[in-house]
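Notebook open, coffee poured. I want to go through this fold piece by piece and jot down what I look up.

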Amino acid sequence: MPLSIPAVQRALNEDGLDCWLLYDFHGSNPIARRLTGLDAAAKMTTRRWFYVIPAQGEPKKLVHAIEPYNLDHLPGGKTIYSQRDKLAEGLRSVLGGLKRVAMEYSPGNAIPYVSRVDAGTVESVRQLGIDVASSGDLVQRFEAIWSDEALTTHRSASERLYRVKDRAFELVRQQRQSGRSLSEIDVQRAMMAWFADEGLITDSPPVVAAQENAGNPHYMPTVEKHRAIRDNEVVLLDLWGKLDTAGAVFADITWVGFTGTAVPEGVARAFAAARDGRDAAVTLVKDAATNGRGVRGFEVDRACRAVIDRAGLGEYFIHRTGHSLGTEVHGNGVHMDDFETHDERRLIPGTGFTIEPGIYTKEFGVRTEINMYVGEHEATVTGPLQTDLVFL
């Protein structure tokens, strides 16, 4: 089992929780499936199951009669149900005596990445007189914390991404100097070849966005839709990848170049605001880690956004400041967000995430993205920070 029961019980006691109630129906809760190891098991899971990890004592299982063995690899006693009334009785039995349980639930769906349990199931637990709390911080502890080996894979992936970024900018520079035409898709294809050279894998090709396309935060060039890279234009590169090894975690960076020698005032102002907002967020996280002060995701977003607001560009910063990194590029840890959501989860040692403010207009867009790792007593940026536009 991926989870250590004693470690979970220590966390439950620290957080004042009676148990962690893991639940899934037909793959509806990927967090519970990963934590219990069912995502890697060749088992049919077509019926509802519950796994109760109490703060004290042995865990308990509630499983359907046609799939009674699905949780046999986990410790604890087993209750089998079949009819719906037996399910209700079984749930009452395995939760007997508990007052406050954690589930993959978020009040008001404030953190949708955690909110995996349907409202009806939460209601069925509450009808037993039990308070349901969010498992958000528990998920962080047992899903988002990197091992030393994972941190090593992240740093290695980061170094390789920066090399790919440098090669891409150099390709644009050389093609311009030689007078040859170059398109977004040409650069993207070259970058994917360099990903292979570097031993990197990814869930999507990198973003190569010129001028107005850079004003679309999730623009992606395709064979059907792309444009040439021309003189005196912004060129934005957003690339993410990880090593092709078990347990490897992602790195994710964004840099911006300019195909000219005189950056327009509006572009320079936008980049400066994004850069300064990024640096304010980095400073907050570093200071908090050094001083042993807790900081939450929404606070990091506020620190970054305040700088951009003061520059008069707040209306053009239309997404959160950053996201958790893990074995998937958008991990299950805390996000730097007080904009799209209000993420009250704490930044905890052993976790990594992005800081990536951007300014987006109809004419152009800029973004600067770096990765941070929070250790026991310090927080670090795991790669170079862009301070000025790269001239191409």
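**Entry 1: helix α1**

I started with what the buried side of α1 leans on. Its buried residues pack against β1 (19–24), β2 (49–54) and α5. Keep in mind that I am working with a predicted model here. I then listed the buried residues of α1: Ile5, Ala7, Val8, Gln9, Ala11 and Leu12. After the helix comes Gly16, and I noted its positive phi, near 70 degrees.

Next I looked at Glu14. Its side chain meets that of Arg141 in a salt bridge, at 2.9 Å from N to O. This pair links distant parts of the chain, since Glu14 sits in helix α1 (residues 5–14) and Arg141 in helix α5 (residues 136–144), 127 residues apart. Are the two partners buried or exposed? Glu14 counts as exposed because its relative accessibility is 58%, over the 50% cut-off. Arg141 comes out at 21%, so I put it down as partly exposed.

**Entry 2: the six-stranded sheet**

I traced the strand order of the sheet with six strands. It reads β4-β3-β2-β1-β5-β6, the sheet is open, and the pairing is mixed. Which strands stand at the edges? They are β4 (77–81) and β6 (131–134); each has a single partner strand, so one side of each lacks a neighbour in the sheet. From one strand to the next, the twist averages 25 degrees.

Then I went into the pairing around β5. Strand β5 (residues 100–103) runs parallel to β6, and four bridges join the two. Val101 stands opposite Val132 in β6, while Ala102 has Ala133 as its bridge partner in that strand. Towards β1 I found two bridges, again in the parallel sense. There Trp20 stands opposite Ala102 in β5. I also checked the connection from β5 to β6: with helix α4 (residues 119–126), the two strands make a right-handed β-α-β unit.

**Entry 3: the cores**

I asked which residues touch the most other members of the largest nonpolar core. Out of its 75 residues, the answer is Met191, Val300, Leu347 and Met372. Helix α8 (residues 265–291) supplies the largest share of this core, with 11 residues. Another core lies apart from it, with 23 residues, and Leu22, Tyr51, Ala102 and Ala133 are among them. I had already met Ala102 and Ala133 as bridge partners.

I picked Met372 for a closer look. Leaving out residues up to four places away in sequence, Met372 touches Val282, Val285, Lys286, Thr351, Gly352, Phe353, Ile355, Ala379, Thr380 and Val381.

**Entry 4: the four-stranded sheet**

Following Met372 took me to the sheet with four strands. It is open, ordered β11-β12-β15-β16, with antiparallel pairing. The edges are β11 (324–325) and β16 (379–381), each of which pairs on one side only. Three bridges join strand β15 (residues 370–374) to β16, and these two run antiparallel. Met372 has Val381 as its bridge partner in β16. What packs on this sheet? It is α8, touching β12 (351–355), β15 and β16, and the direction of α8 makes about 10 degrees with that of β15.

A reminder to myself for when I look at side chains here: in a regular strand they alternate between the two faces of the sheet.

**Entry 5: back to the charges**

I went back to the salt bridges to see how many there are. The count comes to 23.

Glu233 pairs with Arg227, the closest N and O atoms being 2.7 Å apart. Both are buried: Glu233 has 7% relative accessibility, and Arg227 has 10%. I noted these two as buried because the cut-off is under 20%. They also belong to a network of salt bridges that links Glu212, Arg227, Arg230 and Glu233.

My last lookup was Asp279 with Arg278, whose side chains meet in a salt bridge at 2.9 Å, N to O. Where do they stand on burial? Arg278 is buried, with a relative accessible area of 0%, whereas Asp279 is partly exposed at 28%.

Note on methods:
Residues numbered from 1 in each chain as written. Predicted model: local features only at pLDDT ≥ 70, side-chain atom pairs only at ≥ 80, totals over all residues. Heavy atoms only, no water. Salt bridge = Lys/Arg side-chain N within 4 Å of Asp/Glu carboxyl O. Buried < 20%, exposed > 50% of the residue type's maximum accessible area, 1.4 Å probe, protein only. Contact = heavy atoms within 4.5 Å. Core = buried A, V, L, I, M, F, W, Y, C linked by side-chain atoms within 4.5 Å. Pairing = 2+ DSSP bridges. Axes fitted to C-alpha atoms, helices over the stretch in contact; angles between N-to-C directions. Right-handed = clockwise from strand over helix to strand, strands pointing away.
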